[in-house]
Amino acid sequence: METATATQDQGLTRRAVGGVDAAPARMPGSGARATSRDPKRKLGRAKRGLRSLAAAVTVSAALTAAAFYASGAGSSSGTAKAPSAAMVAIARAGSVAAEAVMALAAWMVWAEGGLHGRPGATLAPFAAQLLAAAAWPALALRLGAGWAGMACCAAMAAGAGACVRGFGGVNPVAGDLAKPCVAWAVLLAVMNYKML
């Protein structure tokens with residue numbers, strides 16, 4: 001037993017000092033291909049990761065911002081109170097920020113394979129929350145349908161809560177990033193209630 005341990009220790013020491021095993025590991029039959037430790041390959045992966053992160057956050061935030069700008073500044077129906085410009089600006093900025101944070105959390109889960117591995121717990125609530133967030137400005141601001149806006153806020157809160165649970169199962173940091181989106185949905189519901 002002692003000889004096996006001594007051999008293992010010697011192997012570790014040899015690798016640490018730069019002995020026979022110091023060369024980077026190559027795939028069998030790879031020839032002159034780049035290895036997994038190749039700096040150029042790592043840089044390429046990092047660039048692809050940053051591009052996918054930028055795309056995820058940009059698409060989500062742009063969709064929400066476009067929904068706000070398409071809805072206009074206030075309600076066109078005379079049944080609901082028109083929201084003040086400050087309230088619309090706060091709702092717009094908060095919604096875009098919340099969707100950007102939620103997209104960051106979704107990207108973190110996607111990077112670990114969680115969106116494909118657990119789509120019912122991750123992808124479905126994220127998509128439902130995103131659609132509810134995109135529908136809220138048209139319903140609450142443009143049409144002045146306050147109760148439909150409250151339903152959107154409830155869907156946003158439920159979707160974000162499901163994302164906290166689903167994302168947290170894959171990546172705890174992503175689950176924690178989704179928590180402020182639940183708080184934002186509740187705050188948006190309070191703002192929506194004041195517009196009734």
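A residue counts as buried when its relative accessible area is under 20%, as exposed when it is over 50%, and as partly exposed in between. Keep this in mind for the close-up views below, which come from a predicted model.

**View 1. The whole chain, a run of helices.**
Let us start with the overall plan. The protein chain has 7 helices and 0 strands. If you follow the sequence from start to end, you read the pattern α-α-α-α-α-α-α. Of the 196 residues in the protein chain, 33% count as buried. Several of those helices come back in the next views.

**View 2. The largest pocket and its lining.**
Here we look into the largest pocket, whose volume is about 190 Å³. Its lining is made of 14 residues, and those closest to the centre of the pocket are Ala-56, Ala-103, Ala-106, Trp-107 and Phe-126. Which helices each supply at least two residues of this lining? They are H2 (39-71), H3 (85-111) and H5 (123-142). Helix H2 gives the largest share, with 6 residues. What kinds of residue make up the lining of the largest pocket? It divides into 12 nonpolar and 2 polar residues, with no charged ones.

**View 3. Two aromatic rings, Phe-68 and Trp-136.**
The structure holds 1 aromatic pair, and this view shows it. A pair of aromatic rings is described by the distance of the centres and the angle of the planes. For Phe-68 and Trp-136, the centres are 6.0 Å apart and the planes make an angle of 45 degrees, so the pair counts as tilted, a class that falls between stacked (under 30 degrees) and edge-to-face (over 60). Phe-68 belongs to helix H2 and Trp-136 to helix H5, so the pair ties together parts that lie 68 residues apart in sequence. Are these two residues buried or exposed? Phe-68 counts as buried because its relative accessibility is 0%. Trp-136 counts as buried too, because its value is 1%.

**View 4. Asn-192 and its surroundings.**
Asn-192 sits in helix H7, which covers residues 172-194. With 1% relative accessibility, Asn-192 counts as buried. A polar atom of the Asn-192 side chain lies 2.8 Å from the backbone oxygen of Gly-146. Trp-136, the residue of helix H5 from the previous view, can be related to this spot as well. Trp-136 and Asn-192 are 56 residues apart in sequence, yet their C-alpha atoms are 9.5 Å apart in space.

**View 5. Cys-153, a cysteine without a disulfide.**
The structure holds 0 disulfides. Cys-153 is in no disulfide, and the nearest cysteine sulfur, that of Cys-152, is 7.0 Å away. A disulfide needs two cysteine sulfur atoms within 2.5 Å. Cys-153 is found in helix H6, which runs over residues 146-170. Its relative accessibility of 2% is under the 20% limit, so Cys-153 counts as buried. Where does Leu-187 lie relative to Cys-153? The two residues are 34 apart in sequence, and 9.0 Å separates them in space, C-alpha to C-alpha.

**View 6. Cys-163 and its closest cysteine sulfur.**
Why is there no bond between Cys-163 and Cys-181? The sulfur of Cys-181 is the closest cysteine sulfur to that of Cys-163, but the two are 8.2 Å apart, which is too far for a bond. Cys-163 has 0% relative accessibility, so this residue counts as buried.

**View 7. Ala-183, a partly exposed residue.**
We finish with another residue of helix H7, Ala-183. Because its relative accessibility is 48%, Ala-183 counts as partly exposed. What separates Ala-183 from Ala-98 in space? Their C-alpha atoms are 9.5 Å apart, while along the chain the two residues are 85 apart.

Definitions and conventions: Residues numbered from 1 in each chain as written. Predicted model: local features only at pLDDT ≥ 70, side-chain atom pairs only at ≥ 80, totals over all residues. Heavy atoms only, no water. 1 Å grid on protein atoms, 1.4 Å probe; cavity = no way out; pocket = protein on both sides within 12 Å on 5 of 7 lines; lining within 4 Å. Points joined across faces, edges and corners; volume = space filled by probe spheres on them. Helix = DSSP H or I, 4+ residues; strand = E, 2+ residues; numbered from the N terminus. Nonpolar A, V, L, I, M, F, W, Y, C, P; charged D, E, K, R; others polar. Phe/Tyr/Trp six-rings, centres within 6.5 Å; stacked < 30°, edge-to-face > 60°. Buried < 20%, exposed > 50% of the residue type's maximum accessible area, 1.4 Å probe, protein only. Polar contact = N/O pair within 3.5 Å; in protein donor to acceptor, adjacent residues only side chain to side chain.
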